[in-house]
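Dear colleague,

Please find below the structure I promised to hand over, followed by what I found when going through it. I would be glad if you could read the notes with the model open beside them.

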Protein chains: 2
Amino acid sequence: MRTILVIGAGQSSSSLITYLLKKSSSENLQVIVADVSLELAKQKINNHPNGKAITLDIFNEEARRKEIKNATIIISMLPATLHIKVAKDCIEFGKNLITPSYISKEMKQLNKKVVEKGLVFLNEVGLDPGIDHMSAMQVIDGIREKDGNMLLFESFTGGLVAPESDTNLWNYKFTWNPRNVVLAGQGGAAKFLQEGKYKYIPYQKLFRRTEILHINNYGKFEGYANRDSLKYKSIYGLDDILTLYRGTIRRVGFSRAWNVFIQLGMTDDSYTIEDSENMSYRDFTNSFLAYNPNDSVELKLRYYLKIDQDDEVWGKLLELDLFNPNKKIGLKNATPAQILEKILKESWTLEKDDKDMIVMQHLFGYEVNGKKEQIKSSMVCIGDDQTYTAMAKTVGLPVGIATLKILNGEIKTPGVQLPISKEIYEPILSELKENGIIFTEEKMSYLGYNPENVVG
Amino acid sequence: MRTILVIGAGQSSSSLITYLLKKSSSENLQVIVADVSLELAKQKINNHPNGKAITLDIFNEEARRKEIKNATIIISMLPATLHIKVAKDCIEFGKNLITPSYISKEMKQLNKKVVEKGLVFLNEVGLDPGIDHMSAMQVIDGIREKDGNMLLFESFTGGLVAPESDTNLWNYKFTWNPRNVVLAGQGGAAKFLQEGKYKYIPYQKLFRRTEILHINNYGKFEGYANRDSLKYKSIYGLDDILTLYRGTIRRVGFSRAWNVFIQLGMTDDSYTIEDSENMSYRDFTNSFLAYNPNDSVELKLRYYLKIDQDDEVWGKLLELDLFNPNKKIGLKNATPAQILEKILKESWTLEKDDKDMIVMQHLFGYEVNGKKEQIKSSMVCIGDDQTYTAMAKTVGLPVGIATLKILNGEIKTPGVQLPISKEIYEPILSELKENGIIFTEEKMSYLGYNPENVVG
């Protein structure tokens with residue numbers, strides 16, 4: 001019997017563990033789920049005969065090393081910064097390792113040792129990073145096999161609420177860490193390429209420079225630019241590409257309204273608001289507006305940000321109760337971002353029966369035999385419920401599938417890897433398809449940003 | 001003969017050294033000017049018989065300690081972070097110290113030792129900080145002596161170009177470190193108080209929330225909020241004040257146009273622009289705008305930032321040659337802020353005969369005997385030339401005056417001090433007046449932000 005040690009039994013491990021348990025008889029597996037919370041681990045095992053829940057404090061070196069030593073293969077679902085501890089033990093005891101997180105600098109530095117030991121450390125094999133890499137590289141490699149030359153690559157991903165649960169004016173609910181949503185886009189300008197020109201968007205304009213995308217059966221979405229588009233040049237081998245853009249998907253209209261928070265200063269996490277605990281929602285909003293005893297907070301805000309009275313943005317703000325003088329913030333020494341997060345959670349938390357939705361779309365522009373073409377590849381995944389969410393499925397299934405492929409020797413090139421080679425992505429994408437995570441491709445003539453080849 | 005050691009012979013030391021040399025015979029002084037550049041030190045001494053120029057590397061401990069040990073009193077005109085080295089030597093050798101810079105944490109921690117040794121370490125005795133403290137505290141103490149209760153304190157300072165040299169559409173030239181002008185307002189929200197309400201302005205709105213001020217004979221100015229207004233509560237003992245605001249002065253219209261740079265992202269100093277060296281000014285501007293081969297950079301910018309064709313902001317942008325396709329940036333791996341600084345220097349550098357101007361204005365609102373009143377106190381100082389600039393005079397003269405007052409025992413309370421007590425500010429302000437740095441006071445009925453006492 002082969003033992004899979006899953007470290008971390010948080011929300012994103014549910015689909016992963018269920019997948020592994022389902023395969024456990026045919027694949028002759030024991031699945032050990034380790035977490036600081038034994039209860040959480042037990043929940044995930046759900047009394048399955050091939051599962052075993054154990055309590056494990058990752059900082060307890062002796063316990064951690066013992067479990068890793070005894071297992072056949074290791075999956076780390078820990079917060080990204082903690083993988084490195086597990087990775088070092090895996091080298092020592094000669095175990096393969098799978099994580100859904102970006103390869104850290106420290107992880108990268110282990111590559112030589114990992115290769116020497118003939119091990120596979122497969123990272124970035126969740127959703128984003130993960131499914132994005134695999135689905136993009138499959139198409140890019142296909143274009144290259146036909147001697148095609150890549151001109152454009154745009155890629156968008158978003159975690160949203162499913163259409164049947166989409167009940168508010170923002171068409172948005174928190175399906176993942178709310179804090180990350182509030183802070184999204186901070187910390188530096190977004191950088192990307194359009195038709196050979198480098199473009200830069202500062203935070204204060206990020207949500208006003210959205211791109212529109214269409215997904216069959218699901219309608220229109222918008223995307224705002226991620227900070228890090230340029231690094232995909234080297235990762236995907238797109239050194240001469242003219243257009244390179246990665247973005248985050250929201251429903252149309254979200255970004256324009258979100259920009260109100262940015263302009264007011266409500267997403268700032270760098271200082272605390274005086275007496276935040278005893279403030280009302282209205283006081284909070286008013287603290288970003290000029291003092292005037294005669295004007296209402298509402299009119300001051302509309303005038304300041306030039307919001308027409310019949311603008312849909314206004315309805316979105318009212319829906320959040322931002323002008324309520326009776327609701328208290330109730331958070332001590334809170335930053336604007338922490339207060340905004342609290343206010344948003346009141347409106348944007350999933351109801352018991354709500355489902356989430358993951359949307360991903362890539363655009364590939366290329367020239368083959370003197371002809372310019374474009375492929376649009378889209379994937380939509382809807383959660384089953386609040387355990388098997390779309391997020392848990394799209395993060396956990398590729399991790400689970402990759403683990404079995406490594407265990408069975410189908411994926412075997414040693415090193416600190418990410419899933420961009422055919423050996424890795426082909427079998428994983430193929431099994432993801434069987435599990436309902438399906439990309440639909442459409443071919444069309446190339447558009448780009450300069451279809452008539454004007455010299456600008 | 002008493003020896004004054006002036007460490008640092010930069011631009012802001014010219015009026016200081018000339019003042020000390022002028023006093024040297026009557027006060028029986030030798031003035032030693034020490035700088036890494038002997039030439040710079042010699043220029044400042046200008047062959048005066050009571051002056052001596054020496055070369056000194058502040059990081060050469062032996063040389064530094066020797067000069068400090070031999071002097072009677074020390075003035076440090078070094079960059080703010082370097083005072084601490086001098087300060088520690090001054091404690092060891094029992095010398096008084098004067099600096100124009102904000103008291104650093106390290107400097108503050110020396111207070112106990114300074115008091116024990118009976119020394120005076122007087123800091124923040126230049127312009128801002130310096131003259132602002134002294135002129136404000138003189139009025140505030142006067143109000144308190146009449147049992148007045150402070151309601152409002154607003155204070156504005158600006159380094160501008162003199163009216164006779166004001167020849168561009170921005171009504172602005174660099175009269176001080178250009179880099180600080182480009183980065184002004186970054187690093188956190190501006191915080192202040194209006195009528196008892198805390199107010200916060202994020203960077204992206206800072207230059208759109210200006211206050212207007214009037215100065216007799218000089219017309220209208222505008223001020224944008226400084227980051228640090230609230231700290232003056234405790235420094236000036238204004239704990240119960242309702243309105244507290246400090247700002248930076250520009251000519252009207254500057255801030256609205258400067259906001260264009262902020263919105264585009266041109267003031268960002270956190271990343272470098274690809275191939276900045278070979279870019280044209282036009283390319284630089286275009287890198288912050290969406291790609292479009294059919295639209296001009298000009299129209300894209302006007303549309304993006306909603307600038308009407310007859311808006312005066314447009315003229316200001318054209319004046320800077322921001323759309324020139326032939327002028328090259330010529331800076332390797334430059335940040336947007338570094339590039340913008342270079343572009344602005346081309347338009348905003350003082351001509352040979354240009355003069356600078358310092359403008360300061362305080363507003364004091366208070367209640368005395370049940371009556372609310374307001375005092376407006378204004379100071380304008382115009383430079384003589386590009387050696388004895390208004391900046392050099394307003395920074396250097398108070399430092400020089402303070403030094404002689406300490407040397408002669410008129411200012412004697414020991415400790416790490418700033419000039420907010422009567423013992424310090426009275427004699428300095430009185431001698432500044434003789435030197436043409438004069439505050440004009442106007443009394444008027446109180447306005448504040450809520451003159452009719454509306455309960456907002």
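Val181(A) lies in helix α8 of chain A, residues 178–183, where helices (H or I, at least four residues) and strands (E, at least two) are DSSP runs numbered from the N terminus. Val181(A) counts as buried because its relative accessibility is 11%, buried meaning under 20% relative accessible area, exposed over 50% and partly exposed in between (1.4 Å probe, protein chains only). Apart from neighbours within four places in sequence, Val181(A) is in contact (heavy atoms within 4.5 Å) with Tyr172(A), Phe174(A), Arg250(A) and Trp258(A).

Before going further, please note that this is a predicted model, in which local features need pLDDT of at least 70 and side-chain atom pairs count only at pLDDT 80 or more, while totals for chains, interfaces and linings use all residues. Residues are numbered from 1 along each chain as its sequence is written, chains are lettered from A and ligands numbered from 1 in the order in which they are written, and side-chain values use heavy atoms, with hydrogens and water left out.

As to the two chains, chain A is superposed on chain B by a rotation of 180 degrees with 0.1 Å of shift along its axis, at an RMSD of 0.1 Å, the fit being by least squares on the C-alpha atoms of residues with pLDDT of at least 70 in both copies. That is the relation of a two-fold axis. The same surface serves both copies, since 97% of the contact residues of chain A recur in chain B. Gln204(A) is the residue of chain A that comes closest to the rotation axis, with its C-alpha at 3.2 Å.

Each side of the contact is made of 36 residues, from chain A and from chain B. Between them the chains bury about 3,400 Å², 55% of it on carbon and sulfur atoms; this is the accessible area (1.4 Å probe) lost on being put together, summed over both. Across this interface the rule finds zero salt bridges, that is, no side-chain nitrogen of Lys or Arg within 4 Å of a carboxyl oxygen of Asp or Glu.

The buried residues of α13(A) are Val297(A), Lys300(A), Leu301(A), Arg302(A) and Tyr304(A). They pack against α11, α12 (281–286) and α14 (312–319) of chain A, together with β9 (197–201) and α9 (203–206) of chain B. Just after α13(A), Lys306(A) takes a positive phi of about 55 degrees.

With best wishes

Note on methods. Buried area is the accessible area (1.4 Å probe) that two parts lose on being put together, summed over both.
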